[in-house]
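Reader: I am new to this structure and would like a close look at a single part of it. Please take me slowly through one strand and its partners, and then through whatever in the surroundings helps to place them.

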Number of protein chains: 2
Amino acid sequence: MADDAGIRPGEIKVELPQGFDAGLYFIGRIRTPWPTRDDCPKNGRESDAVCTIEVDPRYAAALAGVASSTHLLVLYWMDEARRDLVVQAPRHYGEPRGTFALRSPVRPNPIAASVVKLVQVEDLRLSVVGLDCRDGTPLIDLKPYFASTDAVPDAVVGWHAKR
Amino acid sequence: MADDAGIRPGEIKVELPQGFDAGLYFIGRIRTPWPTRDDCPKNGRESDAVCTIEVDPRYAAALAGVASSTHLLVLYWMDEARRDLVVQAPRHYGEPRGTFALRSPVRPNPIAASVVKLVQVEDLRLSVVGLDCRDGTPLIDLKPYFASTDAVPDAVVGWHAKR
């Protein structure tokens, strides 16, 4: 995946470390209507599709109490994304920008974080609205969304606001 | 760390998978005023301490454009947390609850997600307000916080609201 061929003008790649510092368990899979990356919406607010989070049976007991939340923070693993670009020029924005100024899946640790509306919990399956990923995307974590700490309605991403 | 001795009444642990499914790079460190877990605030809104995120020089270029954001979503690795509890009884809540209904650092993938206010960016150091972790905590990711997708002011965590 780390081929120079896929790099756009202005993008910069780095040599990644030799080894990893920590390991992740995939704890489930996300089922969406989008079979490939190219089919996906640009972000979770661009679609009102109901997606299904399928949690591994090993973690069934960890779902106790989840249904009382209206919204969740979902972490998932963008397993098709390259990890070595530090400056990127996403197709829908003109100018190249630093990876940490973007929500692109391409990053040293390709973890996506999305706030979803919880529609239903049925055994190991959670129906949610607000995801943007390819069908089959590995699930990493589910967290309750606390407005008191997670909601900052007046936050501004300066470069984006000026476009 | 996965000793039964540390388990409180009502807590449930599971056998974790034999191997990991993906690997993480630590991309920096977080400097905070709290040397141990016991010193940490319960969440990032309980302290207005300015903490410092130190990004690894390898990723310097990835910071281009970050300073234009008022708020960031910071992902970090709770490296001292056990990973095998699916039901937990945190000390400050009475009743045991499923791990995915809690923001506890104890979870299969101990990734914390905090929204911080960005105070200053100076080379590889970001001054921020809103963190709750031990000094030296490994950094995993920095993302711009978009109010349009990340802020849900009317979200409710039912079990917490009823306390």
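Author: Lys117(B) has Val129(B) as its bridge partner in β9(B), and His71(B) stands opposite this lysine, Lys117(B) belonging to β8(B). The model is a predicted one, in which local features need pLDDT of at least 70, side-chain atom pairs count only at pLDDT 80 or more, and totals for chains, interfaces and linings use all residues, while side-chain values use heavy atoms, with hydrogens and water left out. Residues are numbered from 1 along each chain as its sequence is written, and chains are lettered from A and ligands numbered from 1 in the order in which they are written.

The strands named here are DSSP runs (E, at least two residues; helices are H or I, at least four), numbered from the N terminus, and two of them pair if DSSP finds at least two bridges between them. Strand β8 of chain B, residues 111-122, is joined by 5 bridges to β9, residues 125-129, and the two run antiparallel; within that pairing, Leu118(B) stands opposite Val128(B). Strand β5 of chain B, residues 71-77, is likewise antiparallel to β8(B), with 7 bridges between them. Strands of a sheet pair through backbone hydrogen bonds, in either a parallel or an antiparallel way.

These pairings belong to a closed barrel of 6 strands in chain B, in the order β3-β4-β9-β8-β5-β10, with antiparallel pairing. On average, neighbouring strands of this sheet are turned by 45° against each other, direction ignored; the axes are lines fitted to C-alpha atoms (for helices over the stretch in contact), and angles run from 0 to 180 degrees between N-to-C directions.

β8(B) and β9(B) form a hairpin with 2 residues between them, and Asp123(B) in the turn has a positive phi of about 55°. Most residues other than glycine have a negative phi, and most peptide bonds are trans. Asp123(B) is exposed, with a relative accessible area of 71%, where exposed means over 50%, buried under 20% and partly exposed in between, for a 1.4 Å probe and protein chains only. In chain A, Asp123(A) is found in the loop between β8 (111-122) and β9 (125-129); its phi is near 55°, a positive value in a residue other than glycine, and Asp123(A) is exposed at 69% relative accessible area.

Val121(B) lies in strand β8 of chain B and is partly exposed, with a relative accessible area of 29%. Val121(B) is 29 residues from Asp150(B) in sequence, and their C-alpha atoms are 22 Å apart in space.

Asp150(B) leads to the cavity, since it is among the residues that line the largest one, together with Leu73(A), Val115(A), Tyr145(A), Asp150(A), Leu73(B), Arg103(B), Val115(B) and Tyr145(B). A cavity here is a set of points, on a 1 Å grid over the protein atoms alone, where a 1.4 Å probe fits but cannot get out, and lining residues have an atom within 4 Å of a point. The count comes to 1 cavity of 30 Å³ or more, and about 70 Å³ of space lies in the largest, a volume being the space filled by probe spheres set on grid points that are joined across faces, edges and corners. The lining divides into 6 nonpolar, no polar and 3 charged residues, with Ala, Val, Leu, Ile, Met, Phe, Trp, Tyr, Cys and Pro counted as nonpolar, Asp, Glu, Lys and Arg as charged, and the others, Gly among them, as polar.

Leu73(A), one of those lining residues, also appears in the burial of β5(A), a strand of residues 71-77 of which 7 of 7 are buried. On one side His71(A), Leu73(A), Leu75(A) and Trp77(A) are buried, and on the other Leu72(A), Val74(A) and Tyr76(A) are buried too, leaving both faces covered. In a regular strand the side chains alternate between the two faces of the sheet. β5(A) is joined by 7 bridges to β8(A), which runs antiparallel to it, and Leu72(A) has Val116(A) as its bridge partner there. A further 5 bridges join β5(A) to the antiparallel strand β10 of chain A, residues 137-144, where Leu139(A) stands opposite Tyr76(A).

Technical notes. On a 1 Å grid over the protein atoms alone, a cavity is a set of points where a 1.4 Å probe fits but cannot get out, and a pocket is an open set with protein on both sides within 12 Å along at least five of seven lines; lining residues have an atom within 4 Å of a point.
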